[in-house]
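Student: Could you take me through one part of this model closely? I would like to start with a pair of strands and then see what is packed around them.

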Amino acid sequence: MSLTTRAAVVETGGAPFTLSDVTLDEPGPREAVVRMVATGLCHTDLGVASGGLPFPLPGVLGHEGAGVVEAVGSAVTGVAPGDHVVLSFTSCGDCRNCDGGHPAYCATWLPLNLIGGRRADGTSTLSRDGEPLGGHFFGQSSFAERALVDERSLVKVDPDVPLESVAPLGCGVQTGVGAVWNVLKPVTGATIVVLGAGAVGLSAVMAAALTPATTIVAVDRLGERLALAKELGATHTVDAGEQDLGEALAAITGGRGADGVVETTGNVSVLRQGVDALGARGTLVVVGAPPFGTEVSLDVNGLLGGKRVVGLTLGDAETQSFIPALVRLVKEGRLPLHRLISTYPFTDIDQAVRDMGSGKAIKPVLTF
């Protein structure tokens, strides 16, 4: 049976979120209905809401959900009603990258998660007054009291961990952590530089602090973010508003350059500086996403020392193993994610958006 629930709807690009009653379609064989307990607010949500991506509007966004399973489709085997779940991205499960343990690079990732607004078969998961809405965002559309979720978006987690403390694991946190653990893989004594101390960047700092890296540099323009980065494991900080980034990193590394750089800002000028700051055989991971079509110029000869520039989606994580491991680290206090989170009632979503835009909140989490 279909179900009516309250959701935050974006009517047109650039419009605010408005609370509205919407109807969830009946769960398909590999879908579940989840009662939302919390959901993180991510810059990707704001980018889509602004009209920056061709997602069908009006629609319901949200892709860092956490909640309790209420009902499951006939073919769902991984979760059951009553299970606590974190929601992440979806994938087809059949293509070469999915089979190889890299579902973030699924052959159908873009339409299934970011721009399609529908199931793979073209049917809608959400409607209002009989008219289809854009939904199925990251297989979940979790800006709602209840969500119709793809089985491959569901990750069963420890019920003893408060869901509002782990909702951001579905996107931002696993992206920052995965950049360090799954791509850079720091060796003993490595130098890691994180450009941007937002939620993704600070997650990368925390991840680097759990590796053999001995020099961890956080770069930002906000002093309070840099102070927090030091508390979370950064050994050095650089205020890019007051110091020349290249000179500062050369001084910290003794002129050797960085072994790994995580670029989270989406600013191509910062990305270029990060590439220039790499040492021989160093790797820069591109996480921040500027508008589609944005290009960056690089010194080709500067790359010949074995430098690598690698793009990244969602930490290149296999969610069914990665997210439960992160939940355990949160539970044990080794990944102090609570230092990033500010909670807001779901009805205050627009205030959360404003606070995120102003920098007042690092990672807003909406609670239901």
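**A parallel sheet and its surroundings**

Tutor: Start with strand β14, residues 258-263, and strand β15, residues 278-286: five bridges join the two, and they run parallel. Keep in mind that this is a predicted model. Find Ala258 on your screen; Leu278 in β15 stands opposite.

Now widen the view. β14 and β15 belong to an open sheet of six strands, ordered β13-β12-β11-β14-β15-β16. The pairing in this sheet is parallel. Which strands form the edges? They are β13 (236-239) and β16 (308-311), and each of these pairs on one side only. From one strand to the next, the twist averages 15°.

Next, look at the helices on this sheet. Helix α5 lies across three strands: β11 (191-195), β12 (215-220) and β14. Its direction makes about 165° with β11. Helix α7, residues 245-252, packs on the sheet too. α7 touches β11, β12 and β13, and runs at about 165° to β13.

Stay with α5, because this helix also has a helix partner. α5 covers residues 199-208, and its partner α6 covers residues 223-232. Their axes are 9 Å apart, and the packing angle is about 25°. Angles under 35 degrees count as roughly parallel, so α5 and α6 are roughly parallel to each other. Their crossing is right-handed. Which residues meet here? From α5 come Leu202, Val205 and Met206; from α6 come Arg225, Leu228, Ala229 and Leu232. Sorted by class, this contact has six nonpolar residues, one charged residue and no polar ones.

Compare that with another helix pair. Helix α4 (residues 172-184) and helix α10 (residues 319-331) cross at roughly 105°, and their axes come within 12 Å. An angle from 65 to 115 degrees counts as roughly perpendicular, so that is the label for α4 and α10. On the α4 side, the contact uses Gln174, Val177, Gly178, Trp181 and Asn182. On the α10 side, it uses Thr319, Phe322, Ile323, Leu326 and Leu329. By class, six of these residues are nonpolar, four are polar and none is charged.

Just one loop to check here. Leu314 sits in the loop between β16 and α10. Its phi is positive, about 50°, although Leu314 is not a glycine. Most residues other than glycine have a negative phi.

Now turn to the other sheet. This one is open as well, with five strands in the order β4-β1-β2-β7-β8, and its pairing is antiparallel. Its edge strands are β4 (59-60) and β8 (131-133), each paired on one side only. Strand β7, residues 126-128, is joined to β8 by three bridges, and the two run antiparallel. Arg128 has Glu131 in β8 as its bridge partner.

Finish in the loop between α1 and β4, where Pro58 lies. The peptide bond from Leu57 to Pro58 is cis, with omega near 5°. Most peptide bonds are trans. Now find the aromatic rings. The structure holds six aromatic pairs. One of them joins Phe55 and Phe137 edge-to-face, 5.3 Å centre to centre, with 75° between the planes. Phe55 lies in the loop between α1 (43-49) and β4, and Phe137 in the loop between β8 and β9 (146-150), so the pair ties together parts that are 82 residues apart in sequence.

Methods
Residues are numbered from 1 along each chain as its sequence is written. This is a predicted model: local features need pLDDT of at least 70, side-chain atom pairs count only at pLDDT 80 or more; totals for chains, interfaces and linings use all residues. Side-chain values use heavy atoms; hydrogens and water are left out. Two strands pair if DSSP finds at least two bridges between them. Helices (H or I, at least four residues) and strands (E, at least two) are DSSP runs, numbered from the N terminus. Axes are lines fitted to C-alpha atoms, for helices over the stretch in contact, and angles run from 0 to 180 degrees between N-to-C directions. Angles under 35 degrees count as roughly parallel, over 145 as roughly antiparallel, 65 to 115 as roughly perpendicular and the rest as oblique. A crossing is left-handed if the near helix is turned anticlockwise from the far one by less than a right angle, and right-handed if clockwise. Contact means heavy atoms within 4.5 Å. Ala, Val, Leu, Ile, Met, Phe, Trp, Tyr, Cys and Pro count as nonpolar, Asp, Glu, Lys and Arg as charged, and the others, Gly among them, as polar. Rings of Phe, Tyr and Trp (its six-membered ring) pair if their centres lie within 6.5 Å; planes under 30 degrees apart count as stacked, over 60 as edge-to-face and the rest as tilted.
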